[in-house]
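Reader: I am new to this one and would like to understand the words used to describe it. Could you show it to me and let me ask about them?

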Number of protein chains: 2
Amino acid sequence: MATGTFDLLHMGHIYYLKEAKKLGDTLVVVVATDATVRRLKHNPITPEDIRLNLIKELKVVDEAYLGHEKDMYSIVEEIKPDIIALGFDQVHDETTIKNELKKRKLNAKVIRLSKYQGESDLEGTRRIIQKVIAAHEFQKKMQRIEGEP
Amino acid sequence: MATGTFDLLHMGHIYYLKEAKKLGDTLVVVVATDATVRRLKHNPITPEDIRLNLIKELKVVDEAYLGHEKDMYSIVEEIKPDIIALGFDQVHDETTIKNELKKRKLNAKVIRLSKYQGESDLEGTRRIIQKVIAAHEFQKKMQRIEGEP
């Protein structure tokens, strides 16, 4: 099982999912709902149903579901994964997760994956957003210099 | 064969590729190079190698290659597709393409696909970009009103 927001897909996401897939036979992905993303990070650019549908289109993904908002462990109880794969930069604390799983009698292993060593600097959603904004601000600056087209 | 830029993947891209796939057995996708995108549209947000690699990760895609810059038909000569599937909004003129294919003795059918009837307004790359920019400008406006965080 892998989890995430997966807003504006990039090669860092693909790397994480492929590494997770290597740990088992079937990769089930839990996509965070818009409400969860807003609580933990920021407003998502892409709505949850589209983020889920795009994830389902990836070769590496066998199944994908939206998470639950109130209790992040209830989806784990439903999926009953053998392994929960954490991305290298996911904030979840492994010990907290392990204790909570134990409490609920869930036998999933928790494995922290390695960092993506991409050649491009376009790894993260934030960097994509920054690039979009930089292109937009450059265009506005050029319009101030050159006049409207 | 399907072609495109595929910058910031969205469900309109998926729809186009799935419709193209329905026309045959193997879907080969030609991804436009950065130079071609700059010539025809705008600076791409995502570099060509990443756009290509992401397309290769989609279930619907069997093979994918970068296009050639000088002669857009040379990749058609290499791939020798049975069918070239055009997206509903792709600017290519069907008659021009058909004549050029004839001249080169290529027997590909050219089929124009239907429009994507998505429920979301987040269909296009431009709309994603606008959404990123709107979110950024709202944030800047709030900072002017509320002060820096």
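Author: Happy to help; the questions below go through the chains, their interface and a few residues. Please keep in mind that this is a predicted model.

Reader: Let us start with one chain. What makes up chain A, and in which order do its elements run?

Author: Chain A has 6 helices and 5 strands. Starting at the N terminus, the order is β-α-β-α-α-β-α-β-α-β-α. Of the 149 residues in chain A, 47% are buried. Taking contacts in chain A between residues at least 6 apart in sequence, 70% join residues at least 24 apart.

Reader: Why is the relation of chain B to chain A called that of a two-fold axis?

Author: Two copies of a chain are related by a rotation about an axis and a shift along it. Here chain B is superposed on chain A by a rotation of 180 degrees, with 0.0 Å of shift along the axis and an RMSD of 0.0 Å. That is the relation of a two-fold axis.

Reader: How do you know that the copies meet through the same surface?

Author: In chain A, 100% of the interface residues of chain B are interface residues as well, so the copies meet through the same surface. The contact involves 27 residues of chain B and 27 residues of chain A. Between them the two chains bury about 2600 Å², and 70% of that is on carbon and sulfur atoms.

Reader: What makes the pair B:E57 and A:K18 a salt bridge?

Author: The rule asks for a side-chain nitrogen of Lys or Arg within 4 Å of a carboxyl oxygen of Asp or Glu. For B:E57 and A:K18, the closest N and O atoms are 2.7 Å apart, so the pair meets the cut-off of 4 Å. The count between chain B and chain A is 2 salt bridges. There are also 10 residue pairs in polar contact across this interface.

Reader: Which helices of chain B each supply at least two residues of the side that touches chain A?

Author: They are α1 (11-22), α3 (48-56) and α6 (125-146) of chain B. The largest share, 8 residues, comes from α6(B). By class, this side of chain B has 15 nonpolar, 5 polar and 7 charged residues.

Reader: And what do the buried residues of α3(B) pack against?

Author: They pack against α1 (11-22) of chain A, and also against α1, β2, α2 and β3 (63-66) of chain B. The buried residues in α3(B) are B:I50, B:R51, B:L52, B:L54 and B:I55.

Reader: Why is B:T33 called buried?

Author: Buried means under 20% relative accessible area, and B:T33 has 4% relative accessibility, so B:T33 counts as buried. B:T33 sits in the loop between β2 (28-31) and α2 (34-40) of chain B. Leaving out residues up to four places away in sequence, B:T33 touches B:E48, B:R51, B:L66, B:G67 and B:E69.

Reader: What makes the pairing of B:T33 with B:E69 a polar contact?

Author: The cut-off for a pair of N or O atoms is within 3.5 Å. The side chains of B:T33 and B:E69 make their polar contact at 3.4 Å.

Reader: What is the phi of A:F6, and what is that of B:L8?

Author: Most residues other than glycine have a negative phi. A:F6 is not a glycine, but has a positive phi of about 60 degrees. For B:L8, also not a glycine, phi is positive at about 55 degrees. A:F6 lies in the loop between β1 (2-4) and α1 of chain A, and B:L8 in the loop between β1 (2-4) and α1 of chain B. A:F6 counts as buried at 5% relative accessibility, and B:L8 counts as buried at 8%.

Conventions
Residues are numbered from 1 along each chain as its sequence is written. Chains are lettered from A and ligands numbered from 1 in the order in which they are written. This is a predicted model: local features need pLDDT of at least 70, side-chain atom pairs count only at pLDDT 80 or more; totals for chains, interfaces and linings use all residues. Side-chain values use heavy atoms; hydrogens and water are left out. Copies are superposed by least squares on the C-alpha atoms of residues with pLDDT of at least 70 in both. Contact means heavy atoms within 4.5 Å. Buried area is the accessible area (1.4 Å probe) that two parts lose on being put together, summed over both. A polar contact is a pair of N or O atoms within 3.5 Å; within protein, one must be able to donate a hydrogen and the other to accept it, and residues adjacent in sequence count only if both atoms are side-chain atoms. Helices (H or I, at least four residues) and strands (E, at least two) are DSSP runs, numbered from the N terminus. Ala, Val, Leu, Ile, Met, Phe, Trp, Tyr, Cys and Pro count as nonpolar, Asp, Glu, Lys and Arg as charged, and the others, Gly among them, as polar. Buried means under 20% relative accessible area, exposed over 50%, partly exposed in between (1.4 Å probe, protein chains only).
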